[in-house]
Amino acid sequence: MPKMVLMEELHLTISVPVGLANARYQAMQKALRSQRFHARLREAVREVLGRYPSLKDTKLEISR
């Protein structure tokens, strides 16, 4: 018997302008792939979830 049931799946889309210098795109990709970015994103989502007592038993997973 599964311990958790998928209740909702949300997707985050990050768009960037066309025509930037290649170095800017590379810097953006580096930031988006960094462990620090993922950790801070997780913290932000947990903070929002924490504002809803009914969601206290939810499990958060962030993946690429």
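This section describes the overall form of a predicted model of a protein chain, followed by the packing of its helices and the surroundings of two residues.

The protein chain contains two helices and zero strands. Its radius of gyration is 16 Å, well over the 11 Å that the globule rule gives for 64 residues, so the chain is more spread out than a compact globule. Along the principal axes, the C-alpha trace of the protein chain spans about 50 × 25 × 20 Å. Burial was also assessed: of the 64 residues, 2% count as buried.

The two helices are H1, formed by residues 22-33, and H2, formed by residues 35-50. Their axes lie 4 Å apart, and the helices pack at an angle of about 55°. An angle of this size is neither under 35 degrees, which would count as roughly parallel, nor within the range of 65 to 115 degrees, which would count as roughly perpendicular; H1 and H2 are therefore oblique to each other. On the H1 side, the contact involves Ala31, Leu32 and Arg33, which meet Gln35, Phe37 and His38 of H2. By class, the residues of this contact comprise three nonpolar, two polar and one charged.

Two of the H2 residues in this contact, Phe37 and His38, are described in turn. His38 is located in helix H2. Its relative accessibility is 15%, and because buried means under 20%, His38 counts as buried. Apart from residues up to four places away in sequence, His38 touches Leu32, Arg33, Ile62 and Arg64. With Leu32 there is also a proximity between polar atoms: a polar atom of the His38 side chain lies 3.0 Å from the backbone oxygen of Leu32.

Phe37 likewise has its place in helix H2. With a relative accessible area of 28%, Phe37 is partly exposed, since this class covers values between 20% and 50%. When neighbours within four places in sequence are left aside, the residues in contact with Phe37 are Ile14, Ala31 and Leu32. Leu32 is thus listed among the contacts of Phe37 and also among those of His38. A further separation was computed between Phe37 and Leu60, which are 23 residues apart along the chain: their C-alpha atoms are separated by 16 Å.

Definitions and conventions. Residues are numbered from 1 along each chain as its sequence is written. This is a predicted model: local features need pLDDT of at least 70, side-chain atom pairs count only at pLDDT 80 or more; totals for chains, interfaces and linings use all residues. Side-chain values use heavy atoms; hydrogens and water are left out. Axes are lines fitted to C-alpha atoms, for helices over the stretch in contact, and angles run from 0 to 180 degrees between N-to-C directions. Angles under 35 degrees count as roughly parallel, over 145 as roughly antiparallel, 65 to 115 as roughly perpendicular and the rest as oblique. Contact means heavy atoms within 4.5 Å. Ala, Val, Leu, Ile, Met, Phe, Trp, Tyr, Cys and Pro count as nonpolar, Asp, Glu, Lys and Arg as charged, and the others, Gly among them, as polar. Buried means under 20% relative accessible area, exposed over 50%, partly exposed in between (1.4 Å probe, protein chains only). A polar contact is a pair of N or O atoms within 3.5 Å; within protein, one must be able to donate a hydrogen and the other to accept it, and residues adjacent in sequence count only if both atoms are side-chain atoms. The radius of gyration is taken over C-alpha atoms; the globule rule is 2.2 Å times the number of residues to the power 0.38.
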